[in-house]
Amino acid sequence: MRKNDLFIASALEELLPDAKCALDFSTPFQCLVAVSLSAQTTDVAVNRVTPALFSSFPDAFAMAEAPLEEVKNLIRSIGLYDHKAKNIIALSKKLVESFGGEVPQTREELTTLPGVGIKTANVVLAECFGVPAIAVDTHVSRVAFRLGYCKQGEDPIRIEQILEKRFPKETWIKLHHRIIWFGRLVCHAKKPECDKCPLQSVCAYFKKTSSKTGR
Ligand code: SF4
């Protein structure tokens, strides 16, 4: 590992030793649905709707038969609920038809499900089956850019490849959670808290902005 990468991994471990997924679920199916619902909304907002949703439709068989309007009503408080309701019913139907109602354990199979992209597949693989992966969401993209791993607006698949090359495979799952929480708590989108950031000394963004502002 390069010196800076080691420094970043160690500092994040010290700052966020117990970082984990913020979504609530108790089965791989519920994980898949919760992650699908989390696009362009917060995990907190998803956790508000999933208890009632999973109580009514706990597995792929029940969700595949769920009336669309009922699902929409249960998730109405989150962004894009109309589209997401259709997707979770469609992916449940596909799980029943093609996978015996079980969540498949490969990225190739997971991404055949409606609305399931690489990010969702990676989260499910890591959370439910312990498959090492770094799912790139908005926090991971932003932090990776600021730390100088990629250019701004880089393709998430490319960011995933870069990070997975730079950090040991056995650290990917924990590192992924730590970067997300670091993005939520310190390296905010609008106003990063650079003054209290342990990564300041290796941060490309800080170097650039502090030389402009004379910090
Ligand atoms: S120094 Fe600022 S921009 Fe850089 S990683 Fe820390 S909080 Fe983010």
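Biologist: What makes arginine 184 count as partly exposed?

Modeller: This is a predicted model, and in it arginine 184 has a relative accessibility of 26%. Buried means under 20% and exposed means over 50%, so 26% falls in between and arginine 184 counts as partly exposed.

Biologist: And why does aspartate 43 count as buried?

Modeller: Its relative accessibility is 16%. That is under the 20% cut-off, so aspartate 43 goes down as buried.

Biologist: How do you know that arginine 184 and aspartate 43 meet in a salt bridge?

Modeller: Their side chains come to 2.8 Å, N to O. The rule asks for a Lys or Arg nitrogen within 4 Å of an Asp or Glu carboxyl oxygen, so this pair passes. Arginine 184 belongs to helix 11 (residues 172-185) and aspartate 43 to helix 3 (residues 43-56), so the bridge ties together parts 141 residues apart in sequence.

Biologist: What about aspartate 5 and arginine 166: why is that called a salt bridge?

Modeller: Here the N to O distance is 2.7 Å, again within 4 Å, so the name fits. Aspartate 5 sits in helix 1 (residues 3-15) and arginine 166 in helix 10 (residues 156-166), so parts 161 residues apart in sequence are tied together.

Biologist: Is aspartate 5 buried or exposed?

Modeller: Buried, with a relative accessible area of 1%. Arginine 166, at 23%, counts as partly exposed, because 23% lies between the two cut-offs of 20% and 50%.

Biologist: What distance do glutamate 160 and arginine 107 show in their salt bridge?

Modeller: It is 2.4 Å, N to O, so this one is within the 4 Å limit too. The pair links distant parts of the chain, 53 residues apart, with glutamate 160 in helix 10 and arginine 107 in helix 7 (residues 107-110). Glutamate 160, at 6%, is buried, while arginine 107, at 26%, is partly exposed.

Biologist: How many salt bridges does the count come to by this rule?

Modeller: Eight. There is also a network of salt bridges that links Glu69, Lys72, Asp82 and Lys86.

Biologist: Let's turn to the ligand. Which residues are around the ligand?

Modeller: Among them are Arg146, Leu147, Phe182, Gln200, Tyr205 and four cysteines, Cys187, Cys194, Cys197 and Cys203. By class, the shell has nine nonpolar residues, one polar and one charged. Cys counts as nonpolar, so those cysteines fall in the nonpolar group. The ligand takes up the space of the largest cavity.

How values were computed
Residues numbered from 1 in each chain as written. Predicted model: local features only at pLDDT ≥ 70, side-chain atom pairs only at ≥ 80, totals over all residues. Heavy atoms only, no water. Helix = DSSP H or I, 4+ residues; strand = E, 2+ residues; numbered from the N terminus. Buried < 20%, exposed > 50% of the residue type's maximum accessible area, 1.4 Å probe, protein only. Near = heavy atom within 4 Å. 1 Å grid on protein atoms, 1.4 Å probe; cavity = no way out; pocket = protein on both sides within 12 Å on 5 of 7 lines; lining within 4 Å. Sits in = over half its atoms within 2 Å of the grid points.
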